[in-house]
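These are my notebook entries on the structure shown below. I record what I looked up, entry by entry.

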Amino acid sequence: MDFDLSEDQRLLKDSVDRLVADQYQFEQRKKYMREPAGYSAAMWDQITEMGLLGLPFEETLGGFGGGPVETAIVMDAFGRGLVLEPYFATVVLGGGLLRRAASASVLGALAPKVASGKLKLAFGHVERHSRYNLADVSTTARKDSGNYVLDGAKSVVIHGDTADKIFITARLSGERRARNGVGLFLIDPATAGVTRRGYPTQDGQRAAEITLTNARVSAGDLISDNALPIIEHVIDEAIAALCAEAVGAMQSMQDLTLEYLKTRKQFGRAIGSFQVLQHRSVDMLVAVEQARSMALFAAVMAGEENPIERRKAISAAKVQIGRSARHVGQEAIQLHGGIGMTNEYAVGHYFKRVTMIDQLYGDADTHLSYLAAQGGLFGKVA
Amino acid sequence: MDLNFTPEEIAFRDEARHFFRTAIPQSIRDKVAEGEGLTRDDMINAQRILNAKGWCTVNWPVEWGGKDWTSVQVYLYQDEMQQANCPTPIAFNVSMVGPVIAQFGSQEIKQRFLPATANADIFWCQGFSEPGSGSDLASLRTKAEKKGDKYIVNGQKIWTTLAQYADWIFCLVRTDPTAKAQEGISFLLIDMKTPGITVRPIITIDGGREVNEVFFDNVEVPAENLVGQENKGWDYAKFLLGNERTGIARVGASKAKIARIKELAALEFAGERPLIESSRFQEKLAAVEVELKALEMTQLRVVSDERKLAKGRQNPASSILKLKGSVIQQQLTELLMEVVGPYVMPYQRDFEGNNEPIIGPDYASEAAPMYFNYRKVSIYGGSNEIQRNIIAKAILGL
């Protein structure tokens with residue numbers, strides 16, 4: 001058992017930490033957000049040059065063969081910077097789907113493009129009524145003279161407005177919530193019949209609503225004809241990545257709050273000298289550390305091939321992250337007082353990001369229900 | 001980063017698992033599982049079994065029977081012991097006075113006390129708290145005046161756990177009333193049979209007798225029973241209190257309670273279905289399991305870190321172990337009581353010693369007393385509010 005980072009992981013951490021510290025100060029981020037894409041083109045180039053976009057791919061594909069722990073290292077730093085660039089959509093979701101679902105030839109053709117920053121990806125899966133049920137796909141794919149015709153709509157597709165290609169799920173067969181028959185396509189958003197409406201999200205990122213009306217795609221765009229188990233694994237990896245991002249954001253809220261308590265003076269003394277605020281800060285610390293522990297657990301378990309064990313662990317982590325983040329976020333605002341309410345100050349932006357993370361791929365209660373129905377984490381020792 | 005144990009660690013875990021589940025009598029482990037009080041003989045028997053294997057004083061220096069184990073081995077040892085419902089070695093002996101004597105005592109005092117302390121030939125109790133000195137321990141007033149080759153001790157200790165079983169008590173006493181609070185305190189070992197000592201029980205809200213008041217009225221203590229130097233007792237007490245870092249979370253014990261709660265919830269009914277199938281109940285339990293898993297991971301982080309940190313330095317995460325561990329232990333006693341239902345009501349401690357059959361299922365009678373009793377967990381050893389004060393200062397720098 002060893003929680004230490006390897007030498008390579010340490011180097012990776014140092015470089016992403018430095019990137020965020022040097023280039024992602026709160027004022028810099030505001031500028032990036034005002035660019036047309038909603039993020040910084042120059043920053044995207046820099047992330048590319050650092051090789052981060054190739055993280056999940058083998059070296060022969062232009063990557064460096066990283067796993068969930070390396071992803072967590074990057075996402076933790078990005079959480080501290082509230083990074084806007086479509087790393088999660090392109091590399092964690094898109095890269096994960098490519099790696100797990102695509103044929104060797106498709107992977108061989110596309111992974112190097114992703115790694116070199118030329119191909120941004122997004123994943124359109126969730127629909128208006130599916131909420132957190134990954135099997136709930138109503139969008140249809142009808143075979144028609146060697147092509148597929150897609151009809152339906154995809155909701156809140158993260159960075160779907162700027163992606164060069166979009167993974168879309170559509171039902172090839174089966175009832176609406178059937179586990180079998182979910183097809184995974186990789187389509188060009190310029191395809192006739194595909195529309196996308198981009199918009200900002202609450203946390204300053206971007207997403208799109210995507211509609212598919214008689215959208216005709218080629219048979220070669222079908223990546224998998226029974227994609228649900230793959231999607232579940234990729235979403236589990238994505239949740240582990242979001243857990244790490246949330247921990248980074250929570251750490252920043254804790255740091256900002258602590259700094260504020262030490263400098264803000266009222267009644268002639270630093271407010272951090274008041275015991276009631278000290279105790280609440282300690283409870284924030286406990287919540288952050290418990291979340292950090294579960295984010296590590298998620299990173300280690302994201303690679304687990306037994307889907308039940310993996311899902312239970314990921315669910316447990318998402319519960320802890322959701323609950324810790326809500327506590328830490330609310331307390332960070334409260335302990336700051338009025339300044340915490342202002343859009344000009346950083347803490348509220350972290351609060352908004354972790355609040356959105358809870359709503360992604362299952363909130364704390366959804367995952368608690370799943371974990372509970374599976375019998376929980378602990379049982380009798382055999 | 002690798003959360004898997006090495007083959008050697010797994011072999012060690014399996015050895016520990018087998019040992020705790022076969023060498024310690026089932027009757028004792030059943031009592032621990034149900035939260036029944038152990039007799040003095042139970043505690044001594046269990047400790048001697050551990051000591052015979054050399055697994056009692058693993059935290060002591062090797063020359064006095066300690067083990068040069070890795071922090072992972074210590075973790076696995078504690079986890080398996082707790083999960084097997086094996087009694088922890090008498091804490092006053094093994095976690096408290098033993099390490100202090102081994103660290104600060106003279107060679108004579110080590111020879112005289114350490115082997116007997118390890119084997120529970122001496123049953124120790126702890127004389128720290130006083131009626132006016134709880135969280136503010138350094139304000140203690142029990143005084144020891146040097147007269148020739150003796151100390152004359154006068155005063156009162158309180159919350160003295162298992163003083164009724166104890167052969168000896170280790171006390172913090174004031175030897176210099178003129179010095180600053182922390183600087184006039186000494187660490188003194190006192191034979192409980194010495195004339196002038198009176199032990200009075202305090203019955204707690206669960207109806208049990210765990211704690212006592214101990215009165216000292218002109219008690220004569222040989223000066224050779226002083227540990228280390230006079231007026232340095234506060235340093236030794238701080239060493240004692242800072243010693244226990246990871247076992248304090250009691251993750252293994254909480255795992256055992258969860259397993260027990262699941263067993264019992266399958267026997268009780270909520271409507272037509274077993275309680276364990278109620279989604280409301282499942283979710284309440286799962287919520288605690290998530291917290292416990294997080295705590296276990298936090299503990300493993302601390303354990304992993306201990307190998308690298310200089311001795312005496314602590315990972316900041318270690319300070320949350322008691323805070324979170326205590327609350328989880330308490331939540332599980334609540335859940336256990338909820339599982340049992342109406343049969344938590346009969347109060348059956350007055351029945352001890354007679355042969356009437358117990359009322360209700362045999363697992364029911366201790367559920368409510370354990371719930372009441374476990375309120376202590378967030379109070380003893382520095383209340384959770386004191387823990388927060390410590391963390392705020394030492395870790396957050398507030």
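Entry 1, Asn373(B). I located Asn373(B) in helix α11 of chain B, which covers residues 367-373. The model is a predicted one, and I read each entry with that in mind. Is Asn373(B) buried or exposed? I found a relative accessibility of 13% for Asn373(B), and because buried means under 20%, Asn373(B) counts as buried. I then looked up its contacts, leaving aside neighbours within four places in sequence, and noted Asp206(B) and Glu210(B).

Entry 2, helix α2 of chain B. Helix α11 came up again when I turned to α2(B), as one of the elements against which the buried residues of α2(B) pack. The other elements I noted there are α1 (7-23), α3 (40-53) and α8 (251-265) of chain B. Which residues of α2(B) are buried? Within the range 26-34, I recorded Ile28(B), Arg29(B) and Glu34(B) as buried. Just after this helix I checked the backbone and found Gly35(B) with a positive phi of about 80 degrees.

Entry 3, helix α10 of chain B. I next examined α10(B), which runs over residues 319-340 and has 22 residues. I compared its reach with expectation: from first C-alpha to last it extends 34 Å, close to the 32 Å expected at 1.5 Å a residue. How many of its residues are buried? I noted 16 of the 22, and I therefore entered α10(B) as mostly covered, buried being under 20% relative accessible area. Gly341(B), just after α10(B), takes a positive phi of about 80 degrees.

Entry 4, chain A as a whole. I moved to chain A and listed eleven helices and ten strands. I looked up the radius of gyration, which is 21 Å; a compact globule of 382 residues would have a value near 21 Å, so chain A agrees with that expectation. Along the principal axes, I recorded a C-alpha trace spanning about 80 × 55 × 40 Å. Of the 382 residues of chain A, 58% count as buried.

Entry 5, contacts and surface of chain A. For contacts between residues at least 6 apart in sequence, I noted that 73% join residues at least 24 apart. The chain exposes about 15,200 Å², and I recorded that carbon and sulfur atoms supply 51% of this area. Finally, I looked up the charged side chains of chain A and found 42 positive and 44 negative. The centres of these two sets lie 6 Å apart.

Definitions and conventions: Residues are numbered from 1 along each chain as its sequence is written. Chains are lettered from A and ligands numbered from 1 in the order in which they are written. This is a predicted model: local features need pLDDT of at least 70, side-chain atom pairs count only at pLDDT 80 or more; totals for chains, interfaces and linings use all residues. Side-chain values use heavy atoms; hydrogens and water are left out. The radius of gyration is taken over C-alpha atoms; the globule rule is 2.2 Å times the number of residues to the power 0.38. Buried means under 20% relative accessible area, exposed over 50%, partly exposed in between (1.4 Å probe, protein chains only). Contact means heavy atoms within 4.5 Å. Accessible areas come from the Shrake-Rupley method with a 1.4 Å probe; for residues, only the protein chains shown count as cover. Lys and Arg count as positive and Asp and Glu as negative; His and the chain ends are not counted. The place of a charge is taken as NZ of Lys, CZ of Arg, CG of Asp or CD of Glu. The expected span of a helix is 1.5 Å times one less than its number of residues.
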